[in-house]
Structures are given as structure tokens and as C-alpha cells.
Amino acid sequence: MGAGFIGKGLTIINDSGPSKHQAVALRVGADHGVVYQCSIQGFQDSLYSYANRQFYRDCDIYGTVDFIFGNSASVFQNCIIQARHPAGGQKNSVTAQGRSDPNQNTGMSFQSCKVSGDSGGAPTYLGRPWKQYSRVVFMESELDGSINKAGWEPWSGGFALKTLYYGEYGNTGSGAGTSGRVNWPGVHPQMSIDEASKFTVANFISGNSWLPATGGGQRRPLIKTHIS
């Protein structure tokens with residue numbers, strides 16, 4: 001929770017397994033928080049990106065149901081996002097972002113990441129709306145073929161489908177095709193470069209003003225501040 005927290009080179013595991021339901025491995029609520037070269041391993045709700053401005057770089061994040069969730073303003077760069085095999089009958093959802101008010105400056109942005117679904121065949125989606133104004137963007141990332149063609153999963157009936165914001169820009173891989181995406185009003189499968197640029201480190205979390213102060217040498221993460 002401490003402002004300016006930096007975690008580097010850590011492996012953080014909750015090994016309770018898929019049958020135990022919610023089991024957080026790491027909760028981050030630090031403003032100007034940085035998680036760098038870490039491995040976060042769990043099943044349901046592995047990473048609770050709770051609140052404030054956060055930056056994740058060169059991390060491996062593993063889980064099943066809603067395994068990156070919360071209501072922070074977070075950017076994930078050059079991370080490996082890996083869905084695992086869930087409990088019987090469950091679907092995997094990479095994100096469950098919890099923005100509950102349109103005035104909240106929160107959301108999740110994934111840039112230059114590699115996203116893989118469950119090799120065991122369980123359906124894997126990019127996200128579902130935990131709260132009414134859920135906001136998630138995947139851009140310039142590699143999505144493998146196990147990502148469901150619909151891309152996004154509903155939470156319950158028509159809840160939040162008109163008020164959420166889910167965007168994709170410049171993704172690659174066999175799961176990146178957008179022709180089969182859900183056609184909810186809040187889904188933007190082909191964002192413009194101007195719109196995608198709003199979700200960069202510089203613009204979304206004002207990272208240019210605080211990330212350089214995270215230290216020098218190997219402690220400081222590399223930062224991509226723009227759209228290619």
C-alpha cells in the first residue's frame with residue numbers, strides 16, 4: 001500500500017488451486033507502484049490491482065478466473081499473461097476491471113504483452129465487466145489462438161455492456177482477429193491510433209513524471225512511452 005513501492009525479481013505464489021475459488025497471490029494498492037521482473041502465480045483472482053497508479057513490466061502472470069482484477073489505473077508492458085487450466089466447468093477471464101463511475105480515471109492497459117489461453121481447452125476471454133464502467137485495452141500484443149473469438153465475456157446478462165470500454169489496437173497472433181468479437185456498444189475492436197495513445201504510460205498514468213525516479217541501473221524498468 002505504500003506510495004512508491006517497487007517489487008523486483010520476486011516470485012509470488014498462491015498455490016491453493018483452482019477448486020478453492022478466490023485466492024489472491026498479490027494485492028497492490030500503492031500509488032506510483034512498480035512491479036518489475038516478477039512472477040505472480042495463482043488461479044482465480046491471482047493479482048488484485050487494487051487502486052491508484054501502477055506499472056508492471058517484464059512480469060509473468062498466471063491464473064484462471066478474473067486473474068487480473070481491481071480498480072487501479074495500471075499499464076502492463078512486455079508481460080507474459082498465461083491462463084491456466086481452471087476447475088471443471090469454469091471459464092477463464094484474463095481481466096475483471098472494477099471501474100464503478102465514469103469519472104474514475106482507472107482501467108487496465110496491456111501493451112506489447114503476450115497473452116496465452118488454457119492449452120487444456122477451457123474457454124479463455126480477455127475480460128469481463130466486474131463493475132459497470134469496466135475499462136480494459138489490449139494493444140500491440142500477441143494473442144494466441146486459444147483466446148475465444150468473441151474476445152470478451154459478459155458478467156451477468158446485459159450488465160455493463162453499454163457502459164464498459166473494451167478496446168483493441170494493433171494486436172497480432174492467431175487470436176487477434178476481431179471479426180468474431182462481441183458487438184456490444186462498449187467494445188472497440190479497431191481503435192484508432194489517437195484513441196490507443198490515451199492508454200500509454202505517458203498519457204494514462206502520467207508515467208513520464210514519476211517512473212524515471214524509480215532508480216537507475218537494473219532496478220529501473222525499461223519504459224515504452226508511445227504507440228509504434
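**Reading the parallel sheets and residue M191**

User: In this predicted model, how many strands form the open sheet that contains β2 and β17, and in what order do they lie?

Analyst: The open sheet has six strands, arranged as β2-β5-β8-β11-β14-β17, and their pairing is parallel.

User: Which strands stand at the edges of that sheet, and why are they edges?

Analyst: The edge strands are β2 (11-13) and β17 (142-143). Each has a single partner strand, so one side of each lacks a neighbour in the sheet.

User: Which residue of β11 stands opposite G63?

Analyst: G63 faces A83 in β11. The strands concerned, β8 (residues 60-63) and β11 (residues 80-83), pair in the parallel sense over four bridges.

User: How should the open sheet of eight strands be read?

Analyst: Its order is β1-β4-β7-β10-β13-β16-β18-β19, again with parallel pairing. At its edges are β1 (6-8) and β19, each of which pairs on one side only. Within this sheet, β7 (residues 53-57) and β10 (residues 73-77) are joined by five bridges in the parallel sense. R53 has A73 as its bridge partner in β10.

User: Where is M191 found, and is it buried or exposed?

Analyst: M191 lies in the loop between β19 (187-188) and α1 (193-197). M191 is buried because its relative accessible area is 8%, under the 20% cut-off.

User: Which residues is M191 in contact with, leaving aside neighbours within four places in sequence?

Analyst: The contacts of M191 are V137, Y165, G167, E168, Y169, A196 and F199. As for K20, its C-alpha is 37 Å from that of M191, and the two residues are 171 apart in sequence.

Technical notes. Residues are numbered from 1 along each chain as its sequence is written. This is a predicted model: local features need pLDDT of at least 70, side-chain atom pairs count only at pLDDT 80 or more; totals for chains, interfaces and linings use all residues. Side-chain values use heavy atoms; hydrogens and water are left out. Helices (H or I, at least four residues) and strands (E, at least two) are DSSP runs, numbered from the N terminus. Buried means under 20% relative accessible area, exposed over 50%, partly exposed in between (1.4 Å probe, protein chains only). Contact means heavy atoms within 4.5 Å. Two strands pair if DSSP finds at least two bridges between them.
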